[in-house]
Amino acid sequence: MAEARAPAAYGGPTEDDWSAALAAVRDLPADARVLLICHVNPDGDALGSMLGFALGLRRLGVRQVQATFPGPPEVPLPFQALPGLDLLVPDDQVWVDPDLLLCFDAASASRLGSLADRLLTAKTSVVLDHHASNTRFGGTHLVDPTAAATAVVAEQLLARLGVPLDAEIAECFYVAVATDTGSFRFDATTPAVHEMAARLIATGIRPGEISRRVFDSRPFGAVRLYGEVLQRAELDPRAAGGRGLVWTYATLDDLARHGQSAYVLEALIDSVRCAIEADVSCVVKQVGDAEWAVSMRSRGAVDVSRVAVALGGGGHRLAAGFTGHGSPAQVVDAIRAELAADGACPEDQG
Ligand code: AMP
Ligand code: MN
Ligand code: MN
C-alpha cells in the first residue's frame, strides 16, 4: 500500500503538532487505556523511547498503560535490564481499541507488523519519530528528522507534560540516545545531544555500567558466529560508482549452529562498516525463507536511505535498511543496481 511521503522541507513538529500531542495525553479520562508500540526488531531507541515515555505516563497518573512490539516477544539481551519492561505485554493481550496509541521510532506503518491495525482502531494516535523517511502515517505527528533519536522527541513531550526526569526514565532515554548515536560518535551528536545526556546522567544513572551491558556484552557463541560471518565478507570496489561496497550475510542456519538468537546480529554491521575500501557496507540477515533483513551503512559519500527507500525500506542518510527477497547475492545485486543509479547523480549526495 502506497503511503504519503513527508514533504522534503519538513523540519519537525510545529507548535500545533505539540499542542495536539499534549492534548491527546492531558485530556485522557481517568480510566483511559494507553497503548505504546514501537518498530519490529526493536533497537535501543525503539524500546528506550517507548519504555521511558511509558514510565513518564505512569508518573503522570495514567493507570492503564501497555507497551509492546510486533513479532517475537523476546527482548534482546542488551535491553533486558531496561526499566519499565514490566509494562510489556504479549501480542494476545494487547488492547484492540486503546483510547490513545503512541508509536515510537517507526518510519512507516509497515514497520509495525501485526500492530499496524491499531492505527485504525485506536481512538487517537500520536507518532513520535525522527526518520527523514517517515511516511506521516497515524494521527498527530511528532516527527523531527533533526533529532538524534526518537527519545529526544519523547523527552521533549514529557517535559512539556511537566513530568520530571527520574533515574528510570533517564536510563531508558540514555540507552536510546547512546545506541542511535553509536555511543555519541555519529554526526547527530550535537551539543543538544550532550546537553540531554547531561540531564539524564544527572539523575544518577551509571553510563559505564549501561554501556557495558548494551554494547559490550555478547554470548561466546555470538563471538564465534561473528568470526564465521566476517570471514565470508566480500569487497566490491567498483560498486557505487567506484565508492565501493563491502557486504556479508548470515543465515538462520548460521544462528542455529552457534545457538544464537537473531538479535545478536544487530551489531555485526559495526564490524563490516570499518572497511576503509568501501563507502557502503551491508549485512544481509535471513529472517525467513528467501527473506532477509538488510542493514546498510555509509561512510559519508552515499545516501543509503535513498537506496533503502527505493527497495521498500527506509532510514537515515548514513544508516538505513529494507527487507530483501531471494538469495543474498540477489539482494546485493538489487543494492548494486540502486547504488549505480545513485552514482549517476553525485551532485545530489552529501
Ligand atoms: P538497522 O540497520 O536495522 O540498524 O537500521 C538502520 C536504520 O534503517 C534504522 O533507522 C531503521 O529504522 C531503518 N530500517 C531498517 N530496516 C528497515 C525497514 N525494513 N524499513 C524501514 N526502515 C528500516
Ligand atoms: Mn530504531
Ligand atoms: Mn531511532
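In this predicted model, His 130 counts as buried, at 2% relative accessibility. The NE2 atom of His 130 is one of the protein donors of the manganese ion (ligand 3), and the others are OD atoms of Asp 45, Asp 105 and Asp 180. These donors lie 2.1 to 2.3 Å from the ion. Along the sequence, the donor residues of the manganese ion (ligand 3) follow the spacing D-x59-D-x24-H-x49-D. Distant parts of the chain are linked in this way: Asp 45 belongs to helix α2 (residues 44–59), whereas His 130 sits in the loop between β4 (124–129) and β5 (140–143), 85 residues apart. Asp 45 is also buried, with a relative accessible area of 0%.

The second metal site may be described in the same terms. The manganese ion (ligand 2) has as its protein donors His 39 (NE2), Asp 43 (OD), Asp 43 (OD) and Asp 105 (OD), at 2.1 to 2.8 Å. The sequence spacing of these donor residues is H-x3-D-x61-D. His 39 is buried, with a relative accessible area of 2%, while Asp 43 counts as partly exposed because its relative accessibility is 27%. Which residue connects the two sites? Asp 105 bridges the manganese ion (ligand 2) and the manganese ion (ligand 3), which lie 3.8 Å apart.

Helix α2, which carries Asp 45, packs against helix α4 (residues 150–160) at an angle of about 10°, with the two axes 8 Å apart. Since angles under 35 degrees count as roughly parallel, α2 and α4 are therefore roughly parallel to each other. On the α2 side, the contact is made by Asp 45, Ser 49, Gly 52, Phe 53 and Gly 56; α4 contributes Thr 150, Ala 151, Ala 154, Leu 157 and Leu 158. Asp 45 thus appears both as a donor of the manganese ion (ligand 3) and in this helix contact. By class, the contact of α2 with α4 has five nonpolar, four polar and one charged residues.

Next comes the sheet on which these helices lie. Five strands form an open sheet in the order β2-β1-β3-β4-β5, with parallel pairing. The edges are held by β2 (64–68) and β5, each with a single partner strand, so one side of each is left without a neighbour in the sheet. Neighbouring strands of this sheet are turned by 15° against each other on average, direction ignored. Within the sheet, β4 and β5 run parallel and are joined by four bridges; Asp 129 stands opposite Val 143 in β5. Helix α2 packs on the sheet, where it touches β1 (33–38), β2 and β3 (100–104), and its direction makes about 165° with that of β1. Helix α4 lies across β3, β4 and β5 and runs at about 125° to β4.

A further sheet involves later parts of the chain. Six strands form an open sheet in the order β6-β7-β8-β9-β11-β10, and here the pairing is mixed. Its edge strands are β6 (234–236) and β10 (314–315); each has a single partner strand, so one side of each is left without a neighbour in the sheet. Strand β8 (residues 280–288) pairs with strand β9 (residues 291–298) in the antiparallel sense over eight bridges. The bridge partner of Val 280 in β9 is Ser 298.

Key. Residues are numbered from 1 along each chain as its sequence is written. Chains are lettered from A and ligands numbered from 1 in the order in which they are written. This is a predicted model: local features need pLDDT of at least 70, side-chain atom pairs count only at pLDDT 80 or more; totals for chains, interfaces and linings use all residues. Side-chain values use heavy atoms; hydrogens and water are left out. Donors are N, O and S atoms within 2.8 Å of the metal (3.2 Å for Na, K and Ca); water is not among the atoms, so sites may look incomplete. Helices (H or I, at least four residues) and strands (E, at least two) are DSSP runs, numbered from the N terminus. Buried means under 20% relative accessible area, exposed over 50%, partly exposed in between (1.4 Å probe, protein chains only). Axes are lines fitted to C-alpha atoms, for helices over the stretch in contact, and angles run from 0 to 180 degrees between N-to-C directions. Angles under 35 degrees count as roughly parallel, over 145 as roughly antiparallel, 65 to 115 as roughly perpendicular and the rest as oblique. Contact means heavy atoms within 4.5 Å. Ala, Val, Leu, Ile, Met, Phe, Trp, Tyr, Cys and Pro count as nonpolar, Asp, Glu, Lys and Arg as charged, and the others, Gly among them, as polar. Two strands pair if DSSP finds at least two bridges between them.
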